[in-house]
Each structure stands twice: as C-alpha cells, then as structure tokens.
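Biologist: I would like to learn how to read a structure like this one, feature by feature. Could we begin with the words we need?

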Amino acid sequence: MSDLFTADFKSTPYWWDQVPRPVLPDGSLPAKVDVAIVGSGYTGLSAALQTARGGRDTVVLDAEDAGWGCSTRNGGQISTSIKPDFDELSRRHGPERAFAIIREGQKSLAWIADFVAGERIDCDFRVAGRFHAAHNPAQYEALARRIQNQPKGLEVEAQLVSRAEQRRELGTDAYFGGVVYARHASVHPAKFHQGLLDRVLAAGGRVLPRCPVTGIRHEGDGFLLQTPQGTVAARTAVIATNGYTGRLTPWLQRRVIPIGSYIIATEPLSRDLMARLMPRDRIVSDTRKVVYYYRAAPDGSRILFGGRVSHGETDARVSGPLLHAELARIFPELASARVSHSWSGFVAYTFDELAHMGRRDGLFYAMGYCGSGVGMAAYLGMRIGQQVLGRPEGATAFDNLDFQSRPYYFGNPWFLAPSIMYYRWRDRAGR
Ligand SMILES: Cc1cc2nc3c(=O)[nH]c(=O)nc-3n(C[C@H](O)[C@H](O)[C@H](O)COP(=O)(O)OP(=O)(O)OC[C@H]3O[C@@H](n4cnc5c(N)ncnc54)[C@H](O)[C@@H]3O)c2cc1C
C-alpha cells in the first residue's frame with residue numbers, strides 16, 4: 001500500500017490548502033474584557049459575533065491557531081443535527097419538548113442558509129440535498145416507514161429512492177436504496193470559518209491564537225482566566241471547546257465524550273468519473289451506526305470520504321488506507337485512486353446524543369454536537385451569545401436539559417473501543 005498516498009500527501013485538512021490557518025495581528029492579552037470566550041471554532045466565533053455586535057468588549061482565546069479544531073476539519077455536511085427521533089425524545093422528555101427539540105434542529109438548518117446569504121459569506125454553501133443510503137434491506141424499510149410516518153408539524157422534504165433507481169443518485173450498487181433529504185446542504189468548512197472570523201474582527205472582537213486557558217476562577221462578580229501570557233478578567237465567560245474540552249472545566253469534561261472522526265481526500269479524478277460516481281453532486285451518508293459520510297469537493301475535482309475506521313484513536317497514515325478500502329468497496333472504480341490528504345479531529349458525543357447549552361456556576365457553554373455540528377455549533381453559538389446579552393431570543397429547546405455524566409467517567413472514554421466493536425457488529429448483523 002506504499003503507493004496509496006500521492007507524492008505530495010498531507011496529513012493536514014484538504015481545506016487548509018485553500019484557506020491556510022489565519023495569521024492574526026499580534027495582540028497582547030487584555031487585562032479586562034466584558035466577555036471572554038474559550039475556543040475559536042464555529043461555537044466560539046458565532047457567540048463572539050453576537051456579543052461584539054451587541055457592544056460587549058469580547059476576546060476569543062484558542063490554545064492553537066484560530067479554527068484549529070473541528071471547525072476547519074469537518075466534512076462540510078449540514079443537516080438538522082438531531083440524532084434521536086421524535087418517539088425516542090417523547091419517551092424521554094414528553095411530546096411537547098420532543099417537538100421543540102426537533103424544530104430547533106430544523107431552525108438551525110434554515111438559519112445557516114439565511115446567515116450565510118445575509119452576511120454574504122463566500123463559502124461554497126449549496127443546498128445540495130443528502131442521499132442517506134440504506135446499508136441493508138431492513139434499514140431501507142425502516143427509512144421508508146420513517147418518511148411515511150413523519151410526526152405532524154415536523155414533516156421534511158424527503159424522497160424515497162429504491163435500489164433500482166439508486167444509480168440516479170450515486171454510482172454504486174453497494175446500498176439497498178435510500179432517502180434524499182432535499183434541504184440538507186454543503187459548505188466549504190474552512191471558508192465558512194474564515195467568514196465568521198472576518199466578521200468577528202470587523203465587529204471589534206479580538207481573537208488570540210496560541211493562548212491556552214489553563215485556569216478559570218470566580219473573581220468579584222466575574223471570572224479570572226489564566227493563560228501562559230497572563231490573566232484576563234471577564235465579566236462573562238463562555239466555554240466553546242466541544243471535543244477538546246479538558247481539565248479546565250472538569251464538570252463539562254465529565255459530560256462530553258471525545259471521539260476521533262477520520263477523513264481522506266482522493267487525488268483529483270476525471271470529470272467523467274466524478275459525474276458517474278456522484279451524478280447529482282449530493283452529500284452522502286449511510287444508515288450504519290458507525291457511519292460513513294462523503295461528498296465531492298466544492299470544485300467537483302475529488303471525493304472527500306470520512307468515518308470511523310478503528311476501535312481506538314489512530315494516526316492519519318493508518319486511518320487513510322482503512323478509509324480508502326471502504327471507499328473502494330463502495331466505488332470499485334476508485335481502487336487505484338490515490339489519497340492526497342488524510343486527517344482527523346475530535347468531535348464531542350454526549351450520553352443522550354443531544355447537544356447541550358446553558359450556564360453552570362456562572363459559566364456559559366454550548367457543546368456536544370455528536371458529530372453533527374456545522375450548522376448546530378454556529379446556531380447554538382449564536383444563541384448562547386444572545387443569552388450572554390440577556391436577549392429573550394437566545395432561548396432554545398436545549399435550555400435546562402439534564403446534561404448527564406456516568407459514574408467513573410472523567411473524560412477518558414475507556415468504553416469507546418468495546419462500544420464501537422458492538423455497534424460495528426450490529427451494523428454487520430443488519431440491526
Ligand atoms: C473529520 C470530521 C468531520 C466532520 N464532519 C462533519 C460534517 O460533515 N457535518 C457536521 O455537521 N459536523 C461535522 N463534524 C463535526 C463539526 O465539525 C463540529 O461539531 C463543530 O466544528 C464543533 O465546533 P466547535 O466550535 O464547538 O468546536 P471546535 O471547532 O472543535 O473548536 C474547539 C476549540 O477549542 C479550543 N480549546 C480547547 N481547550 C482550550 C483551552 N483550554 N484554551 C483555549 N482553547 C481551547 C481548541 O483548540 C479548538 O480550536 C466533523 C468533525 C470532524 C473532526
């Protein structure tokens with residue numbers, strides 16, 4: 001497999017080739033601000049945009065370069081982002097709350113389209129539609145039942161595609177049909193992040209990269225944040241660290257499960273081949289619990305293919321060939337296509353598979369997007385920013401949901417490997 005990688009192979013995100021990590025003006029840490037935000041991904045920047053435009057002196061601090069986390073590493077697929085279905089949510093929270101949570105997901109999808117257009121963010125945003133593929137016949141039947149019995153008032157545009165019609169959507173016979181969700185969208189994740197960053201800076205917000213927050217404590221009626229560059233006093237602080245949440249906030253660390261998500265880009269492929277494999281240029285995912293997701297690059301030149309390929313966390317040079325093998329299983333024509341980029345990032349799962357936001361000990365937070373955070377992180381970041389400003393429109397269906405942990409869980413997911421083995425077995429067994 002030594003010739004699987006191109007000569008110019010990179011273990012950094014494909015997106016960074018077009019949008020390198022930003023070089024920000026050297027800024028010193030302010031002594032005092034109104035709002036300090038930890039984490040410069042979609043959540044942190046979207047919150048900062050609200051508070052800076054709301055007239056609050058705002059600083060965003062990141063341990064690495066701006067947007068170094070998932071927000072410039074992801075697959076750029078945008079959905080309604082809610083994993084549990086209406087029945088499951090109704091069992092847990094009652095039908096009214098279930099309805100509101102699913103509506104919130106739908107609002108996040110509508111919001112990002114309006115936001116990108118309203119702000120004129122140049123980020124290859126497109127309502128591409130998603131082909132959600134059934135990996136076995138039982139899953140196809142389940143998808144059919146699901147779209148025929150959508151909860152009243154929560155119906156979405158969805159079209160069932162049989163196996164016989166499948167090649168209209170995707171150049172493969174590996175699936176058993178699927179559903180097209182017409183409103184799901186795609187974006188260039190790093191361009192979207194850069195657009196957010198530019199707008200935060202234009203609004204007067206400051207963003208300080210390579211400035212890890214190492215401690216945070218109450219001081220007066222606000223907080224004191226410690227960094228290697230000194231301390232900053234903030235009236236309000238927001239934690240936006242998602243899959244990189246660490247010892248800084250032990251209560252949150254016990255509630256999010258960091259899981260590596262891995263992705264590759266192929267070398268450029270011919271136009272004919274791309275048109276054959278992805279005739280509708282949709283985003284694609286499948287019904288496996290350990291899901292694969294993929295799409296064409298925004299310029300249509302290649303395929304970006306992601307998923308979880310190992311039980312424990314691994315290296316991009318190990319995950320690359322494993323993802324490629326799965327890609328070639330779906331598209332045998334790609335067996336000899338080489339890999340130009342292979343990279344990964346840490347998403348944050350939660351024990352109830354829902355995102356969480358709110359306030360704990362005075363600290364605001366939004367996180368736990370369970371691998372579906374492109375639209376939702378930007379949306380809940382916006383909402384938490386509004387909450388910081390005390391605006392009623394900041395209220396969401398996620399407010400005051402019980403944010404669960406588990407006994408003996410302190411942030412190191414020792415149960416991950418056995419869980420993935422179990423889910424993979426279920427996927428194979430056709431459950
Ligand atoms: C490979 C991959 C593919 C994905 N594909 C999709 C997809 O197609 N669709 C989708 O919806 N979602 C996808 N996701 C998930 C999505 O990218 C995330 O949910 C989203 O970007 C989360 O944004 P965030 O701002 O909350 O966190 P992040 O963007 O991860 O930002 C968190 C930041 O916090 C910083 N930080 C942590 N601790 C500290 C500290 N103590 N001090 C200062 N800074 C700190 C980190 O350096 C990091 O930059 C994918 C993720 C990955 C990794």
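Modeller: A residue is called buried when its relative accessible area is under 20%, exposed when it is over 50%, and partly exposed in between, using a 1.4 Å probe and protein chains only. Helices (H or I, at least four residues) and strands (E, at least two) are DSSP runs numbered from the N terminus. This is a predicted model, in which local features need pLDDT of at least 70 and side-chain atom pairs count only at pLDDT 80 or more, while totals for chains, interfaces and linings use all residues. Residues are numbered from 1 along each chain as its sequence is written, and side-chain values use heavy atoms, with hydrogens and water left out.

Biologist: How many residues of α10 are buried?

Modeller: Helix α10, which covers residues 374-388, is mostly covered, since 15 of its 15 residues are buried. To judge its length, one takes the expected span of a helix, which is 1.5 Å times one less than its number of residues. With 15 residues, α10 reaches 21 Å from its first C-alpha to its last, close to the 21 Å expected. Just after α10 comes G390, with a positive phi of about 75°.

Biologist: What span does helix α4 reach from its first C-alpha to its last?

Modeller: Helix α4 (residues 95-119) has 25 residues and reaches 35 Å, close to the 36 Å expected. R120 follows α4 and has a positive phi, near 55°.

Biologist: Which residues other than glycine have a positive phi?

Modeller: Two cases are N242, whose phi is near 35°, and E353, whose phi is about 55°. N242 sits in the loop between β12 (230-239) and α7 (250-253), and with a relative accessible area of 14% it counts as buried. E353 belongs to the loop between β17 (339-349) and β18 (356-360), and at 22% relative accessible area E353 is partly exposed.

Biologist: Now the sheet: in what order do the strands form it?

Modeller: Two strands pair if DSSP finds at least two bridges between them. Here 9 strands form an open sheet with mixed pairing, in the order β1-β17-β13-β16-β15-β14-β5-β7-β6. Its edge strands, each pairing on one side only, are β1 (5-10) and β6 (158-161). Angles run from 0 to 180 degrees between N-to-C directions, and axes are lines fitted to C-alpha atoms, for helices over the stretch in contact. From one strand to the next, the twist averages 20°.

Biologist: In what sense do β15 and β16 pair?

Modeller: Strand β15 (residues 292-296) and strand β16 (residues 303-307) are antiparallel and share 5 bridges; in β16, G307 is the bridge partner of Y292.

Biologist: Which strands does helix α5 lie across?

Modeller: Contact means heavy atoms within 4.5 Å. Helix α5 (residues 137-148) lies across β5 (130-133), β6 and β7 (178-181), and runs at about 150° to β6. In the loop between α5 and β6 we find Q150, which touches E155, V156 and A158, not counting residues up to four places away in sequence.

Biologist: How should I read a polar contact, and what does the side chain of Q150 reach?

Modeller: A polar contact is a pair of N or O atoms within 3.5 Å; within protein, one must be able to donate a hydrogen and the other to accept it, and residues adjacent in sequence count only if both atoms are side-chain atoms. The side chain of Q150 reaches the backbone nitrogen of V156 at 2.7 Å. R92, in helix α3 (residues 86-93), offers two further examples: its side chain makes a polar contact of 2.9 Å with that of E88, and a polar atom of its side chain lies 2.9 Å from the backbone oxygen of D352. The C-alpha atoms of R92 and D352 are separated by 9.6 Å, although the two residues are 260 residues apart along the chain.

Biologist: Which residues come nearest to the ligand?

Modeller: A residue is near a molecule or strand if one of its heavy atoms lies within 4 Å of it. Of the 36 residues around the ligand, T43, D62, S71, Q77 and V374 come nearest. An N or O atom in the side chain of D62 is 2.6 Å from an oxygen atom of the ligand, and a polar side-chain atom of N74 lies 3.3 Å from a ligand oxygen atom. V213 instead uses a backbone N or O atom, which lies 3.0 Å from a nitrogen atom of the ligand.
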